[in-house]
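Please walk me through how to read the features of a protein model, one at a time. I would like the general idea and then the case at hand.

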Amino acid sequence: LQMGELITGVSITAAIALALFHQTRTGEGQVAHTSLRRVGVWSGQCNLALFNYDLRTVLPILSQEKHGYSRVNYPVPTGNCHRTKDGQWVVLLMIDTKRFLVPTLKAFGGLAPILKVIWLKMSSPKKDTKTGDKLSVIEAAIPIFQFCNAFLAREFGSRTFEEVKQILDKNKLWYAKVNTPSGAAAYQQAWDTGGLYWSEGKNAVHMINAPVQFRDTPSKLRPTVSS
C-alpha cells in the first residue's frame, strides 16, 4: 500500500471509533466523510508550511549544499529534483538507477553522457588519496553522481516543463511535478473534497481542513437507545 492509503485507512478507523463513541454517549449516529485527496492535503501541511517559510528546508534534494549533501552529490540521479527553464520543479521517480540511468541519460544527451559515465567509472580513484583506505561503492561513485546530476540539471534548466515532459513521456521515464502550496490549491478537487477552505474574516486565507469531517445525525436514521 502507498502512504496515502495507509493514512486514509487510519483516519477512517479513528472516525468510526469516534462515531461509535458518540453513539454510545448520545444515542445518535454520525456521518464521517474523508477522501484520499483530503487526507493528502492534510498530511502534507507541515511541508507546505515549511515550503512557504523557506524553500531550502523542504527537502535536501531541493536545497543547496548543506552538511556535504546536496542535489549535486545525490546518490540516485534518476530520483533527483530538477528545475525547468520556466521555473517548474520536477522530481524523477526512478529509484532503480541500474535500470533507468542509461535510458535517462540517453533521452537527454544521446551516447555522449553514457560514454562519460563509463570513463568516470574506469578512471575514478578506488582508494582515499589521503589515507589509502579503500573507498566504499558509494564513495567511489561520487564523481559519477556529480556528473549525472549536473548534466540533468543543465538539460532540465535549458528546457520548458512541456519540453521536458515530452522527452520523459516519449521514453517512458517516471516523474512528477513538485507542487507549491499555490499549485496544490489550484486543484479544484482539493476544494470539492473539503481538504481546503477559506477562513472567515476580512483577511481570509487558505486553510487546511481536518482529514475527517463529521456531519450531523443522518436525517434518515433515528437515534438508537444506548444500553
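The dialogue below goes from the whole chain to single helices, residues and side-chain pairs.

Q: What kind of model is this, and how many helices and strands does the protein chain have?
A: This is a predicted model. Its protein chain has ten helices and seven strands.

Q: How much of the protein chain is buried?
A: A residue counts as buried when its relative accessible area is under 20%. Of the 227 residues in the protein chain, 34% are buried. For the surface, the accessible area of the chain comes to about 14900 Å², and carbon and sulfur atoms hold 59% of that area.

Q: What share of the contacts in the chain is between residues 24 or more positions apart?
A: Take the contacts with a separation of 6 or more: residues 24 or more positions apart account for 59% of them.

Q: How do I read a helix, and which residues of H8 are buried?
A: Start with the accessibility of each residue, then look down the axis. H8 covers residues 161-170. In this helix Phe-161, Val-164, Ile-167 and Leu-168 are buried. Seen down the axis of H8, these buried residues fall within an arc of 130°, so they line one face of the helix. The face turned away from that buried side carries the exposed residues Gln-166 and Lys-170.

Q: What do the buried residues of H8 pack against?
A: They pack against two strands and two helices: strand E3 (89-92), helix H4 (97-109), helix H7 (142-157) and strand E4 (175-177).

Q: Which residue with a positive phi follows H8?
A: Backbone angles can be read residue by residue. Lys-172 follows H8, and its phi is positive, near 55°. The positive value is found here in a residue other than glycine. Lys-172 has its place in the loop between H8 and E4. With a relative accessible area of 69%, Lys-172 is exposed.

Q: How do I read salt bridges, and how many are found in the whole structure?
A: Look for a side-chain nitrogen of Lys or Arg within 4 Å of a carboxyl oxygen of Asp or Glu. A search of the whole structure finds two. In one, the side chains of Lys-165 and Asp-169 meet at 3.1 Å, N to O. In another, the side chains of Arg-159 and Glu-155 meet at 2.6 Å, N to O.

Q: How far apart along helix H8 are Lys-165 and Asp-169?
A: Because they are four residues apart in H8, Lys-165 and Asp-169 are separated by about one helical turn. Lys-165 is partly exposed, with a relative accessible area of 30%. Asp-169 is also listed as partly exposed, at 38% relative accessibility.

Q: Are Arg-159 and Glu-155 buried or exposed?
A: Both Arg-159 and Glu-155 are buried.

Q: Which residues does Thr-84 touch, leaving out those up to four places away in sequence?
A: For a buried residue, list its contacts beyond the local sequence. Thr-84 lies in the loop between E2 and E3, and its relative accessible area of 4% makes it buried. Thr-84 touches Val-90, Phe-156, Gly-157, Arg-159, Thr-160, Phe-161 and Val-164. Among these, Arg-159 takes part in the salt bridge with Glu-155, and Phe-161 and Val-164 are buried residues of H8.

Q: Where is Thr-78 found, and what does its side chain reach?
A: Thr-78 is found in the loop between helix H3 (45-53) and strand E2 (81-83). Thr-78 is buried, with a relative accessible area of 0%. Its side chain reaches the backbone oxygen of Met-94 at 2.5 Å. Leaving aside neighbours within four places in sequence, the contacts of Thr-78 include Leu-92, Asp-96, Phe-100 and Thr-104.

Q: What separates the C-alpha atoms of Lys-116 and Phe-147?
A: Residues distant in sequence can be compared through their C-alpha atoms. Those of Lys-116 and Phe-147 are separated by 8.5 Å, with their positions 31 residues apart along the chain. Lys-116 lies in helix H5 (residues 112-123) and is partly exposed, with a relative accessible area of 35%.

Q: How many disulfides does the structure hold?
A: Zero. As for cysteines, Cys-81 is buried at a relative accessible area of 2%, and Cys-148 is buried at 0%.

Terms used
Residues are numbered from 1 along each chain as its sequence is written. This is a predicted model: local features need pLDDT of at least 70, side-chain atom pairs count only at pLDDT 80 or more; totals for chains, interfaces and linings use all residues. Side-chain values use heavy atoms; hydrogens and water are left out. A disulfide is a pair of cysteine sulfur atoms within 2.5 Å. Buried means under 20% relative accessible area, exposed over 50%, partly exposed in between (1.4 Å probe, protein chains only). A polar contact is a pair of N or O atoms within 3.5 Å; within protein, one must be able to donate a hydrogen and the other to accept it, and residues adjacent in sequence count only if both atoms are side-chain atoms. Contact means heavy atoms within 4.5 Å. The arc is that of the directions from the helix axis to the C-beta atoms. Accessible areas come from the Shrake-Rupley method with a 1.4 Å probe; for residues, only the protein chains shown count as cover.
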